[in-house]
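Student: I would like to learn how to read a structure of this kind, feature by feature. Could you take me through it?

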Amino acid sequence: MQYMLIMRSDDAAVAEYKEIPFEQIIEAMGKYNESLMEAGVLLAGEGLSDASEGFVVDFTADPPLVTDGPYGETKELFNGFWILDVASKEEAAEWAKRCPLGPGAKLEVRRVTGPEDFPADNEWVQKEEGWREEQAAKQADRQAQAAGDAR
Amino acid sequence: MQFMLIMRDEDAAAVERRDAPFEQMLEAMGRYNAAMEEAGVLVDAQGLASPRESVVVDFSAEPPLVTDGPYGETKELFNGFWLIDVDSIDAAAGWAARAPLGPGTKLEIRRVHGEADLRR
């Protein structure tokens, strides 16, 4: 089962995080990521740049309305994620608890939908599966190439 | 540059999407995804299961507190994302505006950190 760990921080936590020495954050997160990799559960993870670089597209308007932000409109700012492949929700929660985050930060742990959530006979679902297989094959090629270059 | 399109739904929008015919939603999303795949900009995309299958870990407590949810604690629920690789934030906005989403739903577009951000 795949679970996504979604990092949500309130404004105070985001501000506090910026005061922590950058090296210290890289080391704490690096160690956490390394433990996930060593356990073989980490599938993906990305961090997001500051909200000041972002914008929001609101589909309540037609055509959709684009504004700078998000500023103040979310209770907690989404700042990054990890996707883990684990056996249960409990295991996902255990990994989440080990993350080096502090007061004002939360991790939302949500199951990632997979083929089992969709009708296998739907043409769009099949198309999507084909694309994912293609991507996985390309990724394997790149890794093989990188391993070859390293030698 | 990589950008993440983050889907945020108000409660009413999430309920409405569940009530819409599943096949119709699959086709609309499928067409949108196919357009991004054909343009070669789609890196990854995932949808998330209901909060009923989820937990929240709050780091304000020590040790961190695990509760069921999220229920009612977010203004808008995070329900999935697309990760795209495009040349500019304007191109990202162009793709975002084409998403088959409706009232009560927003896409938040944020640049994804790359290696350059770690060498500051």
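Tutor: What follows is a conversation about a predicted model, going from the fold of one chain to the contact between the chains.

Student: How many helices and strands does chain B have, and in what order do its elements run?

Tutor: Chain B holds 4 helices and 6 strands, and, read from the N terminus, the elements follow the order β-α-α-β-β-β-β-α-β-α. The C-alpha trace of chain B spans about 50 × 45 × 20 Å along its principal axes. Among the contacts in chain B between residues at least 6 apart in sequence, 75% join residues at least 24 apart.

Student: How should I read a helix, and what is the case for α2(B)?

Tutor: An α-helix has 3.6 residues a turn, so residues three or four places apart point the same way. As for α2(B), its 17 residues reach 24 Å from the first C-alpha to the last, which is close to the 24 Å expected at 1.5 Å a residue.

Student: Which backbone features deserve attention in the loops of chain B, and where do they lie?

Tutor: Most residues other than glycine have a negative phi, and most peptide bonds are trans. Against that background, the peptide bond from Glu62(B) to Pro63(B) is cis, with omega near 0°, and Pro63(B) belongs to the loop between β3 and β4 of chain B. Another cis peptide bond joins Gly69(B) and Pro70(B), with omega about 10°, and Pro70(B) sits in the loop between β4 and β5 of chain B. Just after α2(B), moreover, Gly40(B) takes a positive phi of about 75°.

Student: How are β3(B) and β4(B) joined, and in what sense do they pair?

Tutor: A hairpin through 6 residues joins β3(B) to β4(B), and the two strands pair in the antiparallel sense over 4 bridges. Within that pairing, Asp58(B) has Leu65(B) of β4(B) as its bridge partner.

Student: Which strands make up the sheet that contains this hairpin, and in what order?

Tutor: The order is β2(A)-β5(A)-β1(A)-β6(A)-β3(B)-β4(B), an open sheet of 6 strands with antiparallel pairing. The edges are β2 (42-47) of chain A and β4 (65-68) of chain B, and because each has a single partner strand, one side of each is left without a neighbour in the sheet. From one strand to the next, the twist averages 20°.

Student: And which helices pack on that sheet?

Tutor: Helix α2 of chain A, residues 22-38, packs on the sheet by touching β2 and β5 of chain A, and its direction makes about 160° with that of β2(A). Helix α3 of chain A, residues 89-97, also packs on the sheet, where it touches β1, β5 and β6 of chain A together with β3 and β4 of chain B; its direction makes about 20° with that of β3(B).

Student: Where do the strands of the two chains meet, and which residues face each other?

Tutor: Strand β6 of chain A, residues 105-111, pairs with β3(B) in the antiparallel sense over 4 bridges. Val109(A) has Val55(B) as its bridge partner in β3(B), while Glu108(A) stands opposite Val56(B).

Student: How many residues does the contact between the chains take from each chain, and how do those of chain B divide?

Tutor: The contact takes 48 residues from chain A and 48 residues from chain B. Elements giving two or more residues to the side of chain B that touches chain A include β1, α2, β3 and β6 of chain B. The residues on that side divide into 24 nonpolar, 11 polar and 13 charged.

Student: Is Phe81(B) buried or exposed, and which residues touch the most other members of the largest nonpolar core?

Tutor: In soluble globular proteins, nonpolar side chains tend to be buried together. Phe81(B), in strand β5 of chain B, is buried because 23 other C-beta atoms lie within 10 Å, and the cut-off for that class is 20 or more. Its C-alpha atom is separated by 5.4 Å from that of Leu5(B), 76 residues apart along the chain. In the largest nonpolar core, which has 49 residues, Leu5(A), Val109(A), Leu5(B) and Leu107(B) touch the most other members. Leaving aside neighbours within four places in sequence, the contacts of Leu107(B) include Val57(A), Leu5(B) and Ala96(B).

Note on methods: Residues numbered from 1 in each chain as written. Chains lettered and ligands numbered in written order. Predicted model: local features only at pLDDT ≥ 70, side-chain atom pairs only at ≥ 80, totals over all residues. Contact = placed C-beta atoms within 7 Å. Nonpolar A, V, L, I, M, F, W, Y, C, P; charged D, E, K, R; others polar. Pairing = 2+ DSSP bridges. Axes fitted to C-alpha atoms, helices over the stretch in contact; angles between N-to-C directions. Buried ≥ 20, exposed ≤ 12 C-beta atoms within 10 Å, placed from the backbone. Core = buried A, V, L, I, M, F, W, Y, C linked by C-beta atoms within 7 Å. Expected span 1.5 Å × (residues − 1).
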